[in-house]
Amino acid sequence: MATTLAAATLVGLYGVVVAGTADAVANAEATCTTWPTCTGRLLPSLHRGWRSLLAWSHRAAVLLVAVLLVATTVAALRERRSFRAVAALAVAAVLYPGEVVVGRVVFRTGSDATLHFALAAVIVFDVLAALVWLLDAERAAETPSPASALGGAPAVGGTQPDATSTPTDATPTPTDATPTPTDVTPAPSSFPRLRAYGSLMKLKLSWLLCLVALAAMVLARGASLDPVTAAGTLLGGVLAVGASGTFNHVLERGRDAEMARTADRPLATRSVPVRNAVAFGVALLVLSVATFVAFGNALAAALGVGAIAFYTVGYTVVLKPNTTWNTFVGGAVGAFPALIGWAAVTGDVGTPALALGAVVLCWTPAHFHNLALAYREDYANAGYPMLSVVRGPAVTRRRVVWFLGLTLLATVAFAALTHPGVGFALATTAATGVFAVTVLRLHRERTDAAAMRSFHASNVFLATVLCAVVLGGVV
Ligand code: HEM
Ligand SMILES: CC(C)=CCC/C(C)=C/CC/C(C)=C/COP(=O)(O)OP(=O)(O)O
C-alpha cells in the first residue's frame with residue numbers, strides 16, 4: 001500500500017510542480033486574491049471564468065498531494081518495512097508546507113524562484129528515494145523462490161543475486177497480450193533486399209529521434225518554423241541515424257549472430273555483404289551532411305557527424321562492450337537530435353535545446369534497462385556487460401525507478417526554462433502516471449512481458465513530452 005501511495009505521490013508532485021511552471025497557472029493565481037481560499041471562496045466559481053477554475057485546480061492539486069504525502073508516510077510507518085523510507089517521507093512531509101509558503105511568497109513578491117524550484121527538486125528526490133526503498137522492502141518481504149531465471153544470480157561476473165523473484169520472472173504469461181521480445185522480429189517482406197537495407201538504417205528508432213529534433217525546432221521558432229527547413233532537417237536526421245545504424249550493424253555482426261533478437265540481421269546472416277553495408281553507410285553519411293547543409297547549416301551538419309561518430313565509436317566500440325555505464329553515457333547520443341534541430345534553425349546551440357537533451361539523456365536508462373531485463377540471456381550470451389547481466393535484475397529494476405525520477409526532474413527543469421503551458425503539464429502528468437504504473441508492475445510481476453510493457457510506456461512518455469512541446473509551440 002505504502003509503495004503504491006508513494007508512486008501516486010511522485011506522479012502528483014510532478015503534476016503540481018510542472019503545472020507551477022506554466023505561465024497560465026501563474027496568471028490564473030493573480031485572479032485569486034485570498035489564500036488559501038480563492039477570493040474568499042472554498043469552491044471554484046464558474047462565473048469568474050476559466051482562470052479562477054485553473055487557480056482553484058492548482059491549489060486543489062497541491063492539497064491532494066499533501067494528503068497523499070501524509071497518507072504515504074502513515075502507511076509506511078504502519079507497515080514498518082523500511083525505516084529509511086519513513087525518514088525520507090517524513091522529511092518530505094515537513095518540507096512540503098515550507099515549499100507552499102515559499103511558493104506563495106515568490107509569487108506575491110515576484111522574487112527569484114530558484115529556492116522554490118530547488119526545494120521542489122529536494123522533495124521529489126526524497127519521495128523518489130522513499131519509493132525505491134519501499135520497493136526494496138516489498139521485495140525483501142516476499143518468499144524467496146530459487147526457480148527464477150530472470151531473478152536468479154547475475155549471468156556474468158555478478159554480485160547481487162535477486163533471491164526473491166517469482167518463477168514467472170523468466171517467461172511471459174501466454175495469455176498476456178503485450179508483445180514479448182520475439183515480437184520485435186520483423187515479418188517477412190516481398191522486397192527482401194530493400195527490407196534488409198531498411199533494417200540497417202534502424203528506421204524503427206527514427207520516429208522518436210525525429211520527434212526530439214522537431215520539438216527542438218519548434219522550441220526555437222514556434223509557429224514561424226519554416227516547414228521546408230524542418231522537413232529537410234528531419235530527412236537529414238533519418239539519413240544520419242541510418243548511417244550510424246548501418247555502421248553499428250557492421251561492427252556488431254559477430255555478436256548479433258549470437259543473440260536471438262538480432263540473429264536474423266542482414267549482416268549476421270550474411271545476406272548483405274560487409275563491403276556493401278560499409279558503402280551504404282558512407283553514402284548515407286555523405287547524404288546526411290549534404291541534406292543538413294542544404295536545409296539547415298554547417299553547425300547542424302557538424303553535430304550530425306558528431307552524433308554518428310559518438311554512436312559508432314563512443315557507444316558501439318568503446319562503451320557497449322566494456323561498461324555497465326554504456327546506457328547512461330551512451331544515452332548522450334539521444335541528446336544530439338535536440339542540438340541538431342535547434343542549430344538547424346538558429347545557427348547556435350541554445351539552453352532550451354540542452355535542457356531537452358538532458359531530458360532524453362535521463363530518460364534513456366529508464367527506456368533501455370527494460371530491454372536489458374527482457375533480453376538478459378541474449379546479452380549474456382553475446383558477452384555484453386549490460387547492467388541486468390552484471391548486477392542482476394533487482395538492481396536493474398531499481399535503476400529504472402531512479403531514472404524515471406531523474407527524467408521527471410529533468411522535465412520539470414526543462415519546463416521551468418521554457419514555460420510550455422497547462423496542456424504540457426496535463427499531458428505529461430498523465431503519461432507519468434502510465435509510466436509509473438508499468439514500472440510498479442515490473443517490480444511486482446518481474447516478467448519479460450512486464451519489462452516490455454515498461455519499455456513501451458517509456459516511449460509513450462517521451463513521445464508525449466515531445467508532442468506536447470510541438471503542439472504547444474505551433475497551436
Ligand atoms: C544508449 C541508448 C539506447 C539504447 C542502448 C537503446 C536500445 C534499444 C534497443 C536494443 C531497441 C530494440 C531495437 C530493435 O530490436 O531493433 C530499442 C528500441 C527503440 N528505441 Fe532505443 N535505445 C537507446 C536510446 C534511444 C533513444 C535516444 C531513442 C529516441 C529518442 C530511442 C528510441 C527507441 C524506439 C522508438 C524504439 C522502438 C522501436 C520499436 O518500436 O521496435 N532509443 N532501443
Ligand atoms: C542524429 C543521430 C545520428 C542520432 C543517432 C543515433 C541513434 C541511432 C540512436 C539510437 C540509440 C541506440 C543506441 C539504439 C540501439 O542500441 P544498440 O545499438 O545497443 O541496439 P542493438 O542491440 O539493437 O544494436
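Colleague: What makes H17 mostly covered in this model?

Modeller: The model is a predicted one. In H17, 19 of the 26 residues are buried. Buried stands for under 20% relative accessible area, so the helix is described as mostly covered.

Colleague: How do you know that the span of helix H17 is close to the expected one?

Modeller: Helix H17, residues 393–418, reaches 37 Å from its first C-alpha to its last. The expectation at 1.5 Å a residue is 38 Å, and the computed span is close to that value. His 419 follows H17 and has a positive phi, near 45°.

Colleague: Why is His 367 called a donor to the iron atom of ligand 1?

Modeller: A donor is an N, O or S atom within 2.8 Å of the metal. NE2 of His 367 is 2.3 Å from the iron, so it qualifies, and it is the single donor from the protein. His 367 belongs to helix H14, residues 351–374.

Colleague: What makes the approach of Tyr 315 to ligand 2 a polar contact?

Modeller: An N or O atom in the side chain of Tyr 315 is 2.6 Å from an oxygen atom of ligand 2. The limit for such a pair is 3.5 Å, so the pair counts as a polar contact. Polar side-chain atoms of Arg 265, at 2.7 Å, and of Asn 248, at 3.2 Å, also lie within that limit of an oxygen atom of ligand 2.

Colleague: How much of the accessible area of ligand 2 does the protein cover?

Modeller: The protein covers 88% of the 630 Å² that ligand 2 has on its own. Helices H7, H8 and H11 each give two or more residues to the shell.

Key: Residues are numbered from 1 along each chain as its sequence is written. Chains are lettered from A and ligands numbered from 1 in the order in which they are written. This is a predicted model: local features need pLDDT of at least 70, side-chain atom pairs count only at pLDDT 80 or more; totals for chains, interfaces and linings use all residues. Side-chain values use heavy atoms; hydrogens and water are left out. A polar contact is a pair of N or O atoms within 3.5 Å; within protein, one must be able to donate a hydrogen and the other to accept it, and residues adjacent in sequence count only if both atoms are side-chain atoms. Accessible areas come from the Shrake-Rupley method with a 1.4 Å probe; for residues, only the protein chains shown count as cover. Helices (H or I, at least four residues) and strands (E, at least two) are DSSP runs, numbered from the N terminus. Donors are N, O and S atoms within 2.8 Å of the metal (3.2 Å for Na, K and Ca); water is not among the atoms, so sites may look incomplete. The expected span of a helix is 1.5 Å times one less than its number of residues. Buried means under 20% relative accessible area, exposed over 50%, partly exposed in between (1.4 Å probe, protein chains only).
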